[in-house]
Amino acid sequence: MKYLKYLIFVLLFVSISGFKIEITNPNLRPFRLFIDEFRAKHGEKIYSQVVSNLKMLPNIVFSNTRDAADYEVSMNTEADTFNAILTNVKTGEFFTFKLKPFATDIISNANLLSDKLYEKITQTKGIFSTKIVFSMNWKGVRQIFLTDITGKMFKKLTNNKSDSIAPKISHNRRYVVYTQYLNGSGTALRLIDLETLEDKLLLSSKEINLAGGFEKDDKSILYVSFDGKVSRIYALSIQDNHKNELYRTRARVVSPVTTFEVGRIAFVSDEYGSPQIFTLNISDKKVQRVSQNPGYITSPSFTVQGTHYAYIGQANGNRNIYITSLDGSDFVLLTHGKTNYEDPVWLENERFILSYSFNKESSKVILIDIPTQQNIILFSVPAKISYMSAR
Amino acid sequence: MKKFILFFLLLILVACAKPAIEAPKVQNEPVLNGKEEAVLKDAIDNKAKTDKSNLEELQGLKKLSPEDITPDMIANAQHALSDATIEKGALAKMIHFDFDSYELTAEAKQVLDEVAKYLNEYKTLRIVIEGHCDERGTREYNLALGMKRAEVAKKYLSDLGIAESRLEIVSYGKDKPLIEGSGEEVWSKNRRDQFRRIQ
């Protein structure tokens, strides 16, 4: 009876949208959480950030009483250690998480703890340690920026004299590859190590070189190079800068990305007119068109299972996010806004997709909950951001 | 103080809605010819008349305090100025394309003929052809389209006898619109090739 309203909601949603995708660990049922009042002298900021983080997720519902909850969280501090104890109210089973030291890097610690709690409660991957990179105008030149999922830890990664665009972050969240325009013409691909902040040149040429993303093992990047006549897809080792041409065509090609299936990548091409999504089997070079809608289809992002992908589809002048399986079944229009969505990223937790939109004055970074199609605005930036990527 | 000056600069540039036209006049060097200037003025005026949200935006800007100015607004204002002062003569002209197309129109070929004549006059001059797109479509795909647009202009000039070594190409996709906004009037201006000399 207690779950009746959620059941009705889900049934209603299924009937309206025709939603059929089986997400790994869907956990459509919200978990009820009771958090004890925080009593320690220090650590309030971590406590409030964790509460704020968990409250925004549709599958975590805060309960007013312990008895009505599935899980209870109590937090306290001792010396330089912050403790969080998660208890399963029904079974009494409990888990303790310790942050030490906790007084510095408050937001990172809060995000880390939020993920630990979320993962234990839902048995799915957390999302709060996600790193987001994007390009934004800064005093007349576009630079690369990094932030966390709360938008509270902004960092300007580049200080280049010419425009820097299209950053992509590695799966292990350590590296960022981006494109820098050279003076005159041509572009360079550069790599930033987020641990050391070293910014090294990978290659430069007269073509437009644009990274699509990292390969599954993070040892190389997939990028496209086009000179106006021919588009070429390469895999480029970030260790020794060795590049391997995977595909070439006279069509326009962008966004080479991993499908998370070994030996298979995806990309966007207008080989047959409007842009569509294709896959390339690297060993036998076999190319297969996977998107079958006749419209404008770009910006693919695959689930880590490799079974489904999200993409941007343009219809009636608006760019919305769609999700579908590789064989074209389980097709769902995920967003219905009049705004334009850009660069969807299917997070490792397969329930959520990260995207952004902008109007004339600001950009909004949005978390989309797939089962409920709820849009959660994570943060706004009072400027136009572009080329967002996240992991 | 610096922010205050930037604030007033921004108000003058944006609220008056014609910075790209007025800025070069200060230098007494017409960057746009009379016809181009009229077209641009018309586009901006039409946009202001027909786009209600744009009007609201302009009214909103008047209420801004220096603290409200974002790096993006400053960058756009600077970009509008730099675009207006890039080139003069034949190189100040642009060629325009149909939606999602990189085919040269008859008008575009006329402009390229003038550019070729100019390059034949100044034999040591090297230029970059910049391909641009309108706001529709995704950024990365538009970068590819912009490169195609730049390449067709390069090929046309090359066929007219201009050495390829004097012609570089680059694409900015939809990242550097000539005019901010939406609607075919604006989009048609933004789908363009621009020319820039290599210093």
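## A walk through a predicted two-chain model

Let's start in chain B, where B:Gly183 sits in the loop between strand S3 and helix H8 (184–190). Keep in mind as you look around that this is a predicted model. Is B:Gly183 buried, exposed or something in between? B:Gly183 has 15 other C-beta atoms within 10 Å, so B:Gly183 counts as partly exposed. Now find B:Asp134: along the sequence, B:Gly183 and B:Asp134 are 49 residues apart, yet in space their C-alpha atoms are 9.8 Å apart.

Zoom out to the rest of chain B. Eight helices and four strands make up its secondary structure. If you trace chain B along the sequence, you meet them in the pattern α-α-α-α-α-β-α-β-α-β-α-β. Chain B has 199 residues, and 37% of them are buried. Looking at contacts in chain B with a separation of 6 or more, 78% are between residues 24 or more positions apart.

**Where the chains meet**

How many residues does each chain bring to the contact? Chain A brings 32 residues and chain B brings 27. On the side of chain B that touches chain A, the elements giving two or more residues are helix H5 (71–84), helix H7 (139–159) and strand S3 (167–173) of chain B. The largest share of that side, ten residues, comes from H7(B). Sorted by class, the side of chain B that touches chain A has 13 nonpolar, eight charged and six polar residues.

**The cores**

H7(B) turns up again in the largest nonpolar core, where it gives the largest share, nine residues. This core has 95 residues, and A:Tyr223 and A:Ile353 are the ones that touch the most other members. Leaving out residues up to four places away in sequence, A:Tyr223 touches A:Leu189, A:Asn209, A:Leu210, A:Ala211, A:Gly212, A:Tyr234, A:Leu236 and A:Pro256. There is also a second, separate core of 21 residues, and A:Ile46, A:Ile60, A:Ala110 and A:Ile121 are among its members. As a bit of background, nonpolar side chains tend to be buried together in soluble globular proteins.

**Two helices crossing**

Next, pick out helix H2 (residues 44–55) and helix H3 (residues 106–122) of chain A. Their axes come within 9 Å and cross at roughly 50°. H2(A) and H3(A) are therefore oblique to each other. Which residues make the contact? From H2(A) come A:Lys45, A:Ile46, A:Gln49, A:Val50, A:Asn53 and A:Leu54, while H3(A) supplies A:Ile106, A:Ile107, A:Asn109, A:Ala110, A:Asn111, A:Leu113, A:Ser114, A:Leu117 and A:Tyr118. Split by class, the residues of this contact are nine nonpolar, five polar and one charged. As for its handedness, the crossing of H2(A) and H3(A) is right-handed.

**Some backbone oddities**

Most residues other than glycine have a negative phi, and most peptide bonds are trans. Chain A has some exceptions to look at. One is the peptide bond from A:Lys100 to A:Pro101, which is cis, with omega near -10°. You'll find A:Pro101 in the loop between strand S5 (94–99) and H3 of chain A.

Then there are A:Ala79 and A:Arg173. Neither is a glycine, but A:Ala79 has a positive phi, and A:Arg173 has one too. Here they are together:

| Residue | Phi | Loop in chain A | Other C-beta atoms within 10 Å |
|---|---|---|---|
| A:Ala79 | about 50° | between strand S3 (71–78) and strand S4 (81–88) | 6 C-beta atoms |
| A:Arg173 | about 65° | between strand S9 (164–169) and strand S10 (175–181) | 17 C-beta atoms |

Are these two residues buried, exposed or partly exposed? With 6 other C-beta atoms within 10 Å, A:Ala79 is exposed. A:Arg173, with 17 other C-beta atoms within 10 Å, is partly exposed.

**One last stop**

Finish at A:Thr96, a residue of strand S5 of chain A. Why does A:Thr96 count as exposed? Because A:Thr96 has 9 C-beta neighbours inside 10 Å, and the cut-off for exposed is 12 or fewer. Not counting residues up to four places away in sequence, A:Thr96 touches A:Asn83 and A:Ile85. For a sense of distance, try A:Leu280: A:Thr96 and A:Leu280 are 184 residues apart in sequence and 46 Å apart in space, C-alpha to C-alpha.

How values were computed
Residues are numbered from 1 along each chain as its sequence is written. Chains are lettered from A and ligands numbered from 1 in the order in which they are written. This is a predicted model: local features need pLDDT of at least 70, side-chain atom pairs count only at pLDDT 80 or more; totals for chains, interfaces and linings use all residues. Axes are lines fitted to C-alpha atoms, for helices over the stretch in contact, and angles run from 0 to 180 degrees between N-to-C directions. Angles under 35 degrees count as roughly parallel, over 145 as roughly antiparallel, 65 to 115 as roughly perpendicular and the rest as oblique. A crossing is left-handed if the near helix is turned anticlockwise from the far one by less than a right angle, and right-handed if clockwise. Two residues are in contact if their C-beta atoms, placed from the backbone, lie within 7 Å. Ala, Val, Leu, Ile, Met, Phe, Trp, Tyr, Cys and Pro count as nonpolar, Asp, Glu, Lys and Arg as charged, and the others, Gly among them, as polar. A nonpolar core is a set of buried Ala, Val, Leu, Ile, Met, Phe, Trp, Tyr and Cys residues joined through C-beta atoms within 7 Å. A residue is buried if 20 or more other C-beta atoms lie within 10 Å of its own, exposed if 12 or fewer, and partly exposed in between; C-beta atoms are placed from the backbone.
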